[in-house]
Amino acid sequence: MLITLDDRLHALRGATAEIAAELRTHALAVDADPSRMKPYLELEAFGLIRRATTPDRFGRGPLRLGGHVYDQRSCLERVVSTVELARGDAGMLLSCPGPALAGILLDELGDEEQQRRFHERLSDGRTWSFFAMTEPDRGNDASALETRLVRDGDDLYRLHGTKRYVGNGSRGGVGVVFARTGRGPLSIRAALVEPPAPGYRGESLDMVGLRGARLSEISLDGLPVEPHMLLGSHKSPARRGLWGAVRTFHHMRAQVAAMAVGTGLALHELVVAHRPGAPGAEEVLDRLEACRQLVYAAGAAVDRAPDSARLPSMAKLGATRQAVAVSAWAVRSLGAAALVEHPLLEKWRRDVCGLEFMEGTTNIQREHIAKSHLRARSTA
Ligand SMILES: Cc1cc2nc3c(=O)[nH]c(=O)nc-3n(C[C@H](O)[C@H](O)[C@H](O)COP(=O)(O)OP(=O)(O)OC[C@H]3O[C@@H](n4cnc5c(N)ncnc54)[C@H](O)[C@@H]3O)c2cc1C
């Protein structure tokens, strides 16, 4: 199904495309030293990203561009703007302080007070959030996570375990940590935590790609969690932990796919600027535009049916694979020396590999797609 953007979405695409240049200007500096963010916190692009991802009742009202008003929850709106912002630079986009992935989960699982607390903590524009799911020995398989949430008396829990590859884990001021209280999948819960806190230690990892995401390892050594900080307690037991995480993943897979399309378009632009008429340029652009359509379709599907994995996984699989192929084509077209001459080419070549791993690898997306086909067939 072809998604045609209406005037509202065109205006959003235009505004984010314009502002994306600001992200590219600082991309290499943040890649070189992702700990030095102070000079960039006031960027107009960061302000727009925060505004577009903070529910209007907790921020400065709804996002308005021209005569149009935007819904901060829509996945389609977010993918339309993410393609353009990532065309500026995906690493910079990920370095922006704000609700990010945790904000989507709070929207699914947080009660009103938890959401208010989370967004208030982020309201200074200088605080990062994090979403701690992945563990050293439990990457793609979230249902097998080992971090424990243990009761300590009537009014307290404690978190014990280690999380790894968590964006902003070392610098976050608020985030969610997934842990289990027992054996089964329903025992997995998400806790809201607010570092610095006793029993919490976050250390940055030295990453090759997407360094702006500031991936970290988090050690949890008895971190106290009060019951009111557990997300989803107002929902039925089946809708407290993993259910919210899976919905968040569908949303984020579409966003990562959008980042892959944006990075692919940036690479294409760079090649054409330095080698007009490069062989394959037209075909590469056609393929990226086809991926953009798939990503838009995934965004619309998440808005329509947030529990369905198929389109977000297809978009992530297709778009990240395409971005990796485009980065190889870019190096072939400009010659290996271009990796030294054009630092952004070298950077984006590294970044596309990170996109492949983020939110479940290619193999895992294949598994989701196969399962959803089999489910649909057995239902039919
Ligand atoms: C830029 C970036 C940002 C990230 N941000 C976050 C974050 O904010 N929070 C967070 O919790 N995590 C985050 N992650 C972690 C990410 O979700 C994991 O890297 C991802 O789930 C893969 O886990 P892993 O790296 O442990 O790989 P593993 O799961 O160990 O997989 C290793 C290899 O084995 C293959 N494999 C694994 N299982 C199967 C299977 N069943 N069938 C076939 N092949 C399989 C994989 O495809 C892969 O090639 C981030 C990662 C990146 C790169």
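Modeller: One definition before we dig in: helices (H or I, at least four residues) and strands (E, at least two) are DSSP runs, numbered from the N terminus. Also keep in mind that this is a predicted model.

Colleague: Got it. So where is the place of P196?

Modeller: Start with the bond that leads into P196: the peptide bond from P195 to P196 is cis, with omega near 0°. Most peptide bonds are trans, which makes this one worth a look. As for its place, P196 sits in the loop between strand 7 and strand 8 (200-204).

Colleague: Let's zoom out. How many helices and strands does the chain have?

Modeller: Counting those runs along the chain gives 11 helices and nine strands.  The radius of gyration is 20 Å, close to the 21 Å from the globule rule for 380 residues, so the chain is as compact as a globular protein of that length. Along its principal axes, the C-alpha trace spans about 70 × 55 × 45 Å. To come back to your count: 11 helices and nine strands.

Colleague: What percentage of the residues in the chain are buried?

Modeller: A residue counts as buried if 20 or more other C-beta atoms lie within 10 Å of its own. Run that over the 380 residues of the chain, and the buried share is 49%.

Colleague: And of the contacts between residues at least 6 apart in sequence, what percentage join residues at least 24 apart?

Modeller: Here you leave out pairs that are less than 6 apart in sequence and look at the contacts that remain. The share of those that join residues at least 24 apart is 76%.

Colleague: Which domains does the domain assignment give, and where do they run?

Modeller: Walk along the chain from low numbers to high. The assignment gives domain 1 (7-105), domain 2 (109-236) and domain 3 (242-379).

Colleague: Which element gives the largest share of the side of domain 1 that touches domain 2?

Modeller: The centres of domain 1 and domain 2, over C-alpha atoms, are 24 Å apart, and the contact takes 21 residues from domain 1 and 21 residues from domain 2. On the domain 1 side, the elements giving two or more residues are helix 1 (7-32), helix 3 (75-94) and helix 4 (100-109). That side divides into 13 nonpolar, six polar and two charged residues. Its largest share, five residues, comes from helix 4.

Colleague: Now the ligand. Why does it lie between two domains, and which are they?

Modeller: Of the 21 residues around the ligand, M133, T134, G139, T361 and N363 come nearest. The elements giving two or more residues to this shell are strand 3 (128-132), strand 5 (157-167), helix 10 (343-357) and helix 11 (362-379). The ligand lies between the two domains because both give residues to its shell: domain 2 (109-236) and domain 3 (242-379).

Colleague: Which strand gives the most to the shell around the ligand?

Modeller: The shell as a whole divides into 12 nonpolar, eight polar and one charged residue. The top contributor, with three residues, is strand 5.

Colleague: Is Y165 buried or exposed?

Modeller: Y165 has its place in strand 5. Leaving aside neighbours within four places in sequence, Y165 is in contact with T134 and L215. There are 21 other C-beta atoms within 10 Å, so Y165 is buried.

Colleague: How many bridges join strand 6 to strand 7?

Modeller: Strand 6 (residues 172-180) is mostly covered, with eight of its nine residues buried. Strand 6 pairs with strand 3 in the parallel sense over five bridges, and W128 stands opposite G172 of strand 6. Strand 6 and strand 7 (residues 188-193) run antiparallel, with L192 in strand 7 as the bridge partner of V176. The number of bridges joining strand 6 to strand 7 is six.

Colleague: What is the phi of E359?

Modeller: Most residues other than glycine have a negative phi. R214, in the loop between strand 8 and strand 9 (215-225), has a positive phi near 50°. E359 lies in the loop between helix 10 and helix 11 and counts as buried, with 25 C-beta neighbours inside 10 Å. E359 is not a glycine, yet its phi is positive, at about 55°.

Key:
Residues numbered from 1 in each chain as written. Predicted model: local features only at pLDDT ≥ 70, side-chain atom pairs only at ≥ 80, totals over all residues. Rg over C-alpha atoms; globule rule 2.2 N^0.38 Å. Buried ≥ 20, exposed ≤ 12 C-beta atoms within 10 Å, placed from the backbone. Contact = placed C-beta atoms within 7 Å. Near = placed C-beta within 6 Å. Nonpolar A, V, L, I, M, F, W, Y, C, P; charged D, E, K, R; others polar. Domains from an automatic or database assignment. Pairing = 2+ DSSP bridges.
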